[in-house]
Amino acid sequence: MSEKKLIQLQRFLIIAVLFLLCVALVLVILNTYQSTQKKSPQNQAREQNLSLFTSPPTKIVDENVSNPFKELYYENIILSKDFNESENLEQNLSKDFYTQNSLEKESEQNLSLSQISFENNLSKDFNQSFENLEQNLSLEELASKEVNQTELNLAELNQNKSEKLSTLKTQKIDFKKGPAKLAIIIDDMANEKQVKGLKALNLKIIPSFFPPDKNHKTTPQLASKFDFYMVHLPLAAINYKKAELDTLIPSDSEERIFKKIANVKEDFKNLKYINNHTGSLFTSDEKAMKKLYKALKEKGFVFVDSKTIENSKVEKVAKEFGEFYIQRDVFLDNKDDVSEIKKQLQKAVNLARKKGFAIAIGHPRKNTFKALEESKGLLKSIKLVYLSEIYGE
């Protein structure tokens with residue numbers, strides 16, 4: 001039960017008691033009045049008793065005299081004091097309650113004002129952030145459009161460039177223009193002795209070096225001794241028991257092939273042309289050659305088909321990629337015999353005269369070097385060239 005209800009209950013009880021007391025006094029007074037009417041000597045006593053009831057006792061009244069109204073009077077005084085104290089308590093409680101309500105209202109008002117201020121500030125911050133976000137998004141969208149437009153322009157430029165290059169490369173080169181030309185490639189270059197033997201010929205011949213591995217670690221350094229050289233890339237053969245280390249096979253992933261070509265690019269500076277070592281299995285696989293051509297084209301290399309198998313797919317893939325198809329025309333030393341090698345050299349010279357240009361491939365063998373030395377007169381009848389002189393740097 002609340003304090004307010006307790007106070008109301010106390011007031012009600014006090015009023016009820018006072019009412020009963022008043023009724024009792026009236027009854028007593030009436031009874032006394034009737035008695036004094038009969039006995040006059042008692043009138044004085046009644047008046048005395050009434051004076052006791054109507055006025056507070058003084059020192060004249062004998063404290064020892066028994067007076068029924070005296071006790072009733074003091075009871076009334078005590079009840080009046082209690083009633084006044086209750087009213088004062090109620091007033092104080094009302095004041096406290098009013099003060100508390102005022103504080104609560106003031107607190108609620110301050111809280112409401114703070115909340116409104118916070119919401120206003122939050123709304124302002126949100127609006128500002130939203131405006132900044134919209135502005136940033138607009139700038140980002142604009143930048144994205146510019147980047148996309150730039151990419152489109154570059155793509156269009158690259159496409160036009162690729163189309164022009166493809167058109168150029170698919171056009172037949174007029175090999176018959178000028179003197180007959182012959183490019184002689186010596187494959188399998190791997191050591192210093194081979195380099196010295198080739199240089200001793202003092203002929204314009206193209207060395208093709210193996211990529212470096214544990215069997216021939218210094219090929220990049222050896223290649224740097226020549227004005228023009230190639231890389232002899234090992235590719236899988238159908239029947240070959242002595243495959244080079246790290247030979248590419250048709251089932252290799254694009255990642256594996258790309259990594260291999262990237263390593264070649266890093267090892268050999270100013271390299272442009274690559275031909276295959278063995279490779280009858282790999283070059284006859286169209287899917288494998290497409291993976292290889294992707295990597296070669298990305299690194300700017302030109303592939304030369306050593307033509308180790310008749311059904312090579314290199315020509316088809318090269319045309320699809322808009323690249324020149326370059327192939328070997330004559331093998332010089334399938335038979336390791338000087339006279340046979342000389343015959344092959346004569347065949348290559350005759351083909352160069354007929355077509356205007358031919359490619360012959362040999363190996364760094366003793367008999368091959370000897371046949372080349374003894375055929376210098378024949379070779380003077382045509383022009384020995386690097387591939388870059390025919391197909392560009």
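**Buried residues, a helix pair and internal cavities**

Leu271 is a buried residue, with a relative accessible area of 5%, and its place in the predicted model is the loop between H6 and E4. Once the neighbours within four places in sequence are left aside, the contacts of Leu271 are with Tyr229, Met230, Val231, Val264 and Phe301. Of these partners, Met230 stands 41 residues from Leu271 along the chain, and the C-alpha atoms of the two residues are separated by 6.7 Å.

The protein as a whole comprises 13 helices and nine strands. Of its 393 residues, 35% count as buried, and among the contacts with a separation of 6 or more, 71% are accounted for by residues 24 or more positions apart.

Helix H6, which spans residues 254–267, packs with helix H8, residues 286–298, at an angle of about 40°, the axes of the two helices being 9 Å apart. The crossing in which H6 passes H8 is right-handed. On the side of H6, the contact is made by Glu254, Ile257, Phe258 and Ile261, while H8 contributes Lys291, Leu292, Lys294, Ala295, Leu296 and Glu298. By residue class, this contact of H6 with H8 consists of six nonpolar and four charged residues, with no polar residue among them.

Helix H8 is also involved in the lining of an internal space. Four cavities of 30 Å³ or more are held within the structure, and the largest of them has a volume of about 50 Å³. The lining of the largest cavity is formed by Tyr293, Leu296, Lys297, Phe301, Val302, Phe303, Glu323 and Phe324. At least two residues of this lining are supplied by each of H8 and strand E5 (302–305), and the largest share, three residues, comes from H8. The lining of the largest cavity divides into six nonpolar and two charged residues, with no polar ones. Two residues of this lining also appear in the contacts described above: Leu296 is among the residues of H8 that make the contact with H6, and Phe301 is one of the contact partners of Leu271.

The backbone was next examined for unusual phi values. Most residues other than glycine have a negative phi. Asp188, although it is not a glycine, has a positive phi of about 65°, and this residue is placed in strand E1, which covers residues 181–189. Because its relative accessibility is 19%, and buried means under 20%, Asp188 counts as buried. A positive phi, here of about 50°, is also found at Thr278, likewise not a glycine; Thr278 lies in strand E4, residues 273–278.

A further buried position is that of Thr368, which has a relative accessible area of 0% and is found in helix H11, residues 366–374. With its neighbours within four places in sequence left aside, Thr368 is in contact with Asp333, Ile341 and His363.

Notes
Residues numbered from 1 in each chain as written. Predicted model: local features only at pLDDT ≥ 70, side-chain atom pairs only at ≥ 80, totals over all residues. Heavy atoms only, no water. Axes fitted to C-alpha atoms, helices over the stretch in contact; angles between N-to-C directions. Helix = DSSP H or I, 4+ residues; strand = E, 2+ residues; numbered from the N terminus. Left-handed = near helix turned anticlockwise from the far one by under 90°. Contact = heavy atoms within 4.5 Å. Nonpolar A, V, L, I, M, F, W, Y, C, P; charged D, E, K, R; others polar. Buried < 20%, exposed > 50% of the residue type's maximum accessible area, 1.4 Å probe, protein only. 1 Å grid on protein atoms, 1.4 Å probe; cavity = no way out; pocket = protein on both sides within 12 Å on 5 of 7 lines; lining within 4 Å. Points joined across faces, edges and corners; volume = space filled by probe spheres on them.
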